[in-house]
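Please walk me through this structure in plain terms, with the cut-offs stated.

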Amino acid sequence: ADQMFDLLLIENDAKITPLQTIFLEQLAKIISSSSRSLWSTMREASGKLPTGRSVLGTLVDPLGLWRTSPVVQVSNLDTKTIETTRNLIDLLQKTQSSSSASGSGLDVQNLTQDEIVEISRILVNKIWSRRDGVMNTGGLLLENLLKLTANKLERGEREIMFLPPTDTDADSKERTEAGGAS
């Protein structure tokens with residue numbers, strides 16, 4: 001754990017390394033893409049209103065100002081980022097399970113409650129002792145997330161959406177036609 005902290009945490013007096021820069025940029029992309037994907041899934045799962053909008057989208061954004069915003073729309077890059085991340089996680093899980101089977105790794109699924117508590121205590125103590133580095137790293141991660149969002153908004157890749165006509169549109173058209181015929 002100490003080696004991972006040394007590699008990834010940015011201490012107050014230390015200069016950020018290329019590895020830390022890459023790690024933070026990629027982590028920000030994963031968080032950003034995953035949050036858009038999750039939002040899209042939740043909107044779809046909430047159901048559709050007769051206007052064609054999702055229930056959740058209407059509750060959160062009644063005027064529909066954000067529904068085509070690149071901040072909330074899943075792009076092809078988001079899909080590829082999520083797919084690549086899943087593939088990496090699968091690879092790490094396979095590697096971990098093969099090391100556990102050969103006896104060279106830690107099998108976390110077979111830990112007792114006491115062992116889990118002890119490992120948690122050790123990790124919390126290590127994080128607490130390096131809390132300044134955790135705060136610095138978190139601040140730089142936030143900065144990367146804000147840059148990604150700003151870049152998406154600057155590009156302005158909005159999707160054009162056409163909503164189906166509502167019943168009130170048809171009623172007003174019928175009244176206009178009926179009024180003109182009299």
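Which residue follows H6, and what is its phi? Gly156 comes directly after H6, and its phi is positive, near 60°. The model is predicted, with local features needing pLDDT of at least 70 and side-chain atom pairs counting only at pLDDT 80 or more, while totals for chains, interfaces and linings use all residues. Residues are numbered from 1 along each chain as its sequence is written, and side-chain values use heavy atoms, with hydrogens and water left out.

The protein has 7 helices and 0 strands, where helices (H or I, at least four residues) and strands (E, at least two) are DSSP runs numbered from the N terminus. Buried residues (under 20% relative accessible area, 1.4 Å probe, protein chains only) account for 18% of its 182 residues.

Helix H6 covers residues 131-155, 25 in number, and spans 36 Å from first C-alpha to last, close to the expected 36 Å (1.5 Å times one less than the number of residues). Its buried residues are Gly133, Thr137, Leu141, Asn144 and Lys152.

Lys152 also belongs to the second largest pocket, which holds about 200 Å³; among its 13 lining residues, the closest to the centre are Arg36, Leu77, Leu148, Lys152 and Arg155. Helix H2 (18-45), helix H4 (76-102) and H6 each give two or more residues to this lining. A pocket is an open set of points on a 1 Å grid over the protein atoms alone, where a 1.4 Å probe fits, with protein on both sides within 12 Å along at least five of seven lines; lining residues have an atom within 4 Å of a point. The volume is the space filled by probe spheres set on the points, which are joined across faces, edges and corners.

Note on methods
Buried means under 20% relative accessible area, exposed over 50%, partly exposed in between (1.4 Å probe, protein chains only).
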